[in-house]
Amino acid sequence: MRLRKFNVLIIVVLMMISCVQVLPPTLTPTTTVVPPTKTATVSPTPPPVEADAGAAGIGDSLYPGLGNGGYDVQHYTLDLTVNDVSTSNLDGITTIEARATENLSSFNLDFIGFKIDTIVVNGESATFGRDGQELTITPSTPLAKNQPFTVEVKYQGSPESTSSTAIPIQIGWISFSQGSFVMSEPDGAADFYPVNDHPLDKATYTFRVTVPKPFEVAANGLLKESDDHGTTTTYLFETRDPMASYLATIDIGDFNTETMESARGIPIRNYYAATLPKDVNKPFARQGEMLDYFSSTFGPYPFEVYGALVLNVQVGTALENQTMSVFGNDMIDPQNVKETELTVAHEMAHQWFGDSVSVADWSDIWLNESFATYSEGLWIEHTDGRKALDEWIKNVYGFVRENQGRMSPPGKPPADDLFNAGVYYWGALGLHALRLEVGDETFFKILQSYYKQYAGGNAGTADFIAVAEKVSGKDLGAFFDSWLYSDTLAPIPELGLRTK
Ligand SMILES: [Zn+2]
């Protein structure tokens, strides 16, 4: 994720104005039901004798209520029929294929709003209760540990306006005058489908979305089919790789599309809101080069496709939805391609760090944001050389030094301000300091080893430190303590940078 307030800040920094004001967030973004493809089967094993309720949280240190315990989801199928795009009134059937990790008398999903019509587990009607975001489902027969099960939830209504304690902006499914979009980090997914809403439980997705003409649908992964029903169209998207729930996106509007391919053959499809000026695509022209550059720097691109979607609405945010980053129009300036390319690079780098390697706990968010921010610096180095990177580091250091009181050290973000500038810029400085500490060759080996080891899964801060120590052969405990947890900004003596 990248926030517009940071664009403003860093531009100001780049202009070398000494008195930088940290702005408060100005972010106020504004039926054909197809039956599920997989036939539900009743588990052949006898019901367990001892079964307990699954936990209502997955154990996140910052957000204990997020996610749920007792099962592991493999696949979500979202069948959504949007009856009215202006209100996003929809009929939904979400089918979940999961495996129990303990004997379960009941289990929870995270789900906000909507009227639930029926819930069916393993083909049999289940009872359910709701308490805020927690949806507790009691199957007619308890679920046995290690056995697969399916859940089908039928619901109707419009997504509720939802904001997170982590960031004071509207998240989830958001309707606006030209359509709707989804940006969910960290906990907005439950705003449009019942879900085990935590990055620890990744799954693959099928999206089958029906919209009235002339609207179109864009979603993660590849468009496999579009069926014309006369007055409506059904779009079928599939993701190849497991995905964290907050990265699922369904965007509805009138789009111009653009396809291209990187020199190494990574396919790209971009969606631009049809009402945007024609030159909106200028900052995206080098995405192929970026994909290939990051592939050679971090490791092979993780997914089957990449692309950008630009909305014609001010959102104040861009988000690295898996295989398709989504940008508000206020994040893109076709007149300032160089500056905008940093945002494009940031979201793209998250495909490796954040999307493929996901956080194990939200307190590890610097593993996403500092890596994506440092990747902006890497793009500067790639295009303009090491001196330009050094200048950028000096500017970022000055910015962090001047605004330190308004940010947290990268390794300990507060629950109510997860996306503060510390997890972006302070942490990016720490990565550059690591590079200077171990040398270029070792530093990039660390990034590659870390990516290779955790691609498609989850990692925590201790995992990254362990990789860094193993690859470098150095004890880096004190180094990481000073860069991730100390309230004092550490010096970078090689560039003459220190706090006054
Ligand atoms: Zn980001």
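**Exercise 1. Describe how helix 3 and helix 4 pack against each other.**

*Solution.* Step 1: the axes of helix 3 (residues 337-349) and helix 4 (residues 366-384) approach within 8 Å, and they cross at roughly 130 degrees. Axes here are lines fitted to C-alpha atoms, for helices over the stretch in contact, with angles running from 0 to 180 degrees between N-to-C directions. Helices (H or I, at least four residues) and strands (E, at least two) are DSSP runs numbered from the N terminus.

Step 2: this angle makes helix 3 oblique to helix 4. Angles under 35 degrees count as roughly parallel, over 145 as roughly antiparallel, 65 to 115 as roughly perpendicular, and the rest as oblique.

Step 3: the crossing of helix 3 with helix 4 is right-handed, a term used if the near helix is turned clockwise from the far one by less than a right angle.

Step 4: helix 3 contributes Glu-341, Leu-342, Ala-345, His-346 and Ala-349 to the contact, while helix 4 contributes Phe-371, Ala-372, Thr-373, Ser-375, Glu-376 and Trp-379. Two residues are in contact if their C-beta atoms, placed from the backbone, lie within 7 Å. By class, this contact has 6 nonpolar, 3 polar and 2 charged residues. Ala, Val, Leu, Ile, Met, Phe, Trp, Tyr, Cys and Pro count as nonpolar, Asp, Glu, Lys and Arg as charged, and the others, Gly among them, as polar.

*Basis of the model.* This is a predicted model, in which local features need pLDDT of at least 70 and side-chain atom pairs count only at pLDDT 80 or more, whereas totals for chains, interfaces and linings use all residues. Residues are numbered from 1 along each chain as its sequence is written.

**Exercise 2. State the domain assignment and characterise the contact of domain 1 with domain 2.**

*Solution.* Step 1: the assignment, whose bounds come from an automatic or database source, gives domain 1 (2-26 + 354-495) and domain 2 (54-253).

Step 2: their C-alpha centres lie 32 Å apart. The contact draws 14 residues from domain 1 and 17 residues from domain 2. On the domain 1 side, 7 nonpolar, 4 polar and 3 charged residues touch domain 2.

**Exercise 3. Trace the open sheet of 8 strands and identify its edges.**

*Solution.* Step 1: the strand order is 7-6-10-4-3-14-17-16, with mixed pairing. Two strands pair if DSSP finds at least two bridges between them.

Step 2: strand 7 (124-125) and strand 16 (222-228) are the edges; each has a single partner strand, so one side of each is left without a neighbour in the sheet.

Step 3: strand 6 (residues 115-121) runs antiparallel to strand 10, joined by 6 bridges, and Thr-118 stands opposite Lys-154. Strand 4 and strand 10 (residues 148-157) are also antiparallel, over 10 bridges, with Val-151 as the bridge partner of Ile-96. Strand 14 is joined to strand 17 (residues 232-238) by 7 antiparallel bridges, where Pro-212 has Thr-232 as its bridge partner.

**Exercise 4. Locate the cis peptide bonds at Pro-186 and Pro-214.**

*Solution.* Step 1: Glu-185 and Pro-186 are joined by a cis bond with omega of about 0 degrees. Pro-186 lies in the loop between strand 13 (179-183) and strand 14 (204-212).

Step 2: the bond from Lys-213 to Pro-214 is cis, with omega near 5 degrees. Pro-214 is placed in the loop between strand 14 and strand 15 (216-219).
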